[in-house]
Amino acid sequence: MKTRKTDKTVGTSQIGSGTKTDRSFASVVLGPVWLWQLLSLCTVFGIWEIAGRIPISLAFPSFTATCAAFFEMIMDGSFATAYASTLPPLIIGILIVSFGGVAWGVFMGLSRGFEWTCMSLLVILQTAPVAAIVPLITYAYGIDMTSKVIVVVIMSAPLVILNSYKGIRSTNPSLLQMCRSFQGNRWQEITKIILPQASGMIFAGLRLGISGGFIGIVLAELLITPTGIGDLITYNRASALYAHMFAAIASIIIFSTLTLTVLQRLEHKIFRPELGTMSGQVN
Amino acid sequence: MKRILHGILVAVFAVAFTLSLGAFRAAAQDTVRVATADTLGAEDLVLLIAFEKAKARGLKIEVTPFKSDDVVFQAIVNGQMDIGVGDAYKMIQTLKAPIRHFYQLRRLAYFPVVNKEYYKTWKDLDGEDIAVHSRGSGTEALARLMESMHGIKFKRMTYVPGSEVRAISMRRGNIKATYLDLTRTRLLTTEDPERFGVLPAGNQSASDEILYATTDFLKESEDAIDIIVEEVMRAARRMNADPTSMAAERERLDLLAELPKEINEEITLYHQQAAMAGLFPPNGGGKGAASADFEFLTSSGRLEGDAKSLDVGEFWELGPLNKALAKMGYVNVEYSISAR
């Protein structure tokens with residue numbers, strides 16, 4: 001047991017130092033990472049600008065036209081009004097999933113009977129094409145905020161529940177045995193061993209769930225009632241204001257990317273500090 | 001031996017692929033591809049019957065339903081479809097798209113349906129919510145016109161796409177006032193006349209569906225366009241003269257076969273009301289329709305500029321319609337739009 005622990009420590013330190021050496025070698029030869037990231041963005045935006053100027057289609061705006069529309073929509077308050085309408089159902093849905101979904105997943109991981117009852121339903125929910133389910137939700141719950149919250153929950157719940165469940169199930173059995181050998185009861189087993197061990201995966205599930213929630217709210221706003229960001233997309237598309245439509249789409253992409261990046265960095269800081277910020281950028 | 005067989009197989013596949021690609025292209029060029037903005041239903045029978053007649057005159061026509069007007073426009077402007085059914089005024093003005101309307105198929109007919117337990121007149125709607133299709137839609141434009149016509153101000157316009165969804169919401173009580181198409185208006189007011197009623201909407205003759213195509217297609221396929229315009233005009237006139245003939249024609253030509261047989265009664269009722277309301281103009285719109293559209297679209301803010309200063313030639317190609325009218329004559333009619 002002692003030997004194994006030593007091996008593991010050595011292995012980890014070797015991997016750590018190897019990564020550090022690779023990174024410093026790469027930064028000497030290739031230059032800073034941000035430069036490559038900037039280059040990749042410039043390439044994509046450059047191709048977009050050229051495609052928009054040719055134009056490949058009358059309905060395809062250039063990158064600069066989209067940027068101009070983006071700033072115009074910030075200044076005239078379009079984005080502020082739209083997000084004031086988009087965020088409430090998104091936040092409510094995510095809060096429901098964050099508490100209910102995690103509890104559900106933890107309980108599934110702890111109880112075989114509950115796992116067998118729920119697993120098939122969750123797998124169906126995860127694989128079902130939600131765009132096809134949305135009209136059914138409208139028929140059952142109407143067109144108001146309830147339907148949108150339900151779409152957000154349907155999109156994000158399976159990810160949160162299944163990750164929480166897997167986190168619980170992947171608890172190291174030797175730690176459980178250790179807890180039992182120290183006369184630990186079931187409650188201590190859960191609170192001192194299982195939950196701390198699963199917390200990383202639960203947090204990763206939450207992050208994925210929020211990403212699903214963003215997809216859900218955009219789907220809901222496009223398919224149920226065009227409000228918020230969905231209204232900006234629909235209205236500008238119907239009015240042939242394609243630069244504004246692209247700007248609205250870009251805004252939700254930027255918003256969800258920033259939210260998820262912050263969460264990913266938080267996750268790495270709390271649960272995987274050995275990876276540092278670099279892994280946050282490449283993962 | 002194995003190598004030779006492999007070579008032969010590759011050659012056969014290459015030839016078959018090239019031939020099928022060529023045949024596909026040829027077929028695509030011969031066929032007039034028509035894009036509609038919704039699934040085909042009873043209200044499309046005039047167009048479908050016209051297409052069957054055009055096919056009998058040697059044209060190949062293929063109709064594809066899309067999800068919305070803007071997708072239809074994308075398909076036309078990118079050359080994946082030839083004729084669009086809807087309207088492209090805003091796109092022509094904003095993008096200077098080389099597209100022209102050439103035939104007014106159907107006039108706009110949406111009716112202000114209210115829950116009579118709450119509202120009985122337009123004045124009752126002052127400071128209240130109304131549901132319309134979407135921002136910038138025809139129903140929103142109609143609601144704005146009513147605001148100015150009756151000196152009222154709606155508290156909020158909620159956007160609920162699709163007449164069928166709004167009709168369901170009216171039944172469920174989620175919304176109390178909205179604009180519905182002819183079919184759903186009749187459905188609600190006949191199934192519960194105590195609860196649902198229609199407010200007076202006045203007269204307007206803006207377009208609901210116009211046929212449009214790129215200027216290149218209009219030039220290159222002049223003969224095909226002439227046949228289509230003549231046949232649509234003939235079908236519209238026949239429907240106006242005898243609305244009951246539509247159900248019989250549908251059966252004879254085996255159109256909309258997926259709809260149940262019992263729908264024939266609905267089809268007849270719809271076309272009788274459409275004929276009374278003049279939904280399918282017998283002269284294909286033209287300059288008059290364009291002017292009415294300019295008036296309607298500028299007053300509702302969907303088109304920029306003064307209605308009188310807009311040039312019909314920038315939005316319409318009148319050649320095919322004038323040729324058809326010269327051949328088939330002009331019909332004088334007076335209609336009044338009403339849900340009953």
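Helices here are DSSP runs of H or I at least four residues long, numbered from the N terminus. Keep in mind that this is a predicted model.

With that in hand, let's start in chain A. A:Ala220 sits in helix H9 of chain A, which covers residues 186–223. A residue is called buried once 20 or more other C-beta atoms lie within 10 Å of its own, and A:Ala220 has 30 of them, so it counts as buried. Leaving aside residues up to four places away in sequence, A:Ala220 touches A:Val134, A:Ser147, A:Lys148, A:Val151 and A:Val152. Take A:Ser147 from that group: 73 residues separate A:Ser147 from A:Ala220 in sequence, yet their C-alpha atoms are 7.8 Å apart in space.

Now hop over to chain B and its helix H2, residues 45–56. At 1.5 Å a residue, the 12 residues of H2(B) should span 16 Å, and the end C-alpha atoms are indeed 16 Å apart, so the two agree. Buried residues in H2(B) include the run B:Leu45, B:Val46, B:Leu47, B:Leu48, B:Ile49, B:Ala50 and B:Phe51, and B:Ala54 is buried too. What do they pack against? Their partners in chain B are strands S2 (60–65) and S4 (99–107), together with helices H9 (222–241), H10 (245–253) and H11 (263–277). Just after H2(B), B:Gly58 takes a positive phi of about 100°.

Finally, the place where the chains meet. Here 20 residues of chain B are in contact with 18 residues of chain A. On the chain B side, the elements giving two or more residues are helices H3 (69–77), H4 (89–95) and H6 (163–172). By character, that side of chain B splits into eight nonpolar, seven polar and five charged residues.

Notes
Residues are numbered from 1 along each chain as its sequence is written. Chains are lettered from A and ligands numbered from 1 in the order in which they are written. This is a predicted model: local features need pLDDT of at least 70, side-chain atom pairs count only at pLDDT 80 or more; totals for chains, interfaces and linings use all residues. Two residues are in contact if their C-beta atoms, placed from the backbone, lie within 7 Å. Ala, Val, Leu, Ile, Met, Phe, Trp, Tyr, Cys and Pro count as nonpolar, Asp, Glu, Lys and Arg as charged, and the others, Gly among them, as polar. A residue is buried if 20 or more other C-beta atoms lie within 10 Å of its own, exposed if 12 or fewer, and partly exposed in between; C-beta atoms are placed from the backbone. The expected span of a helix is 1.5 Å times one less than its number of residues.
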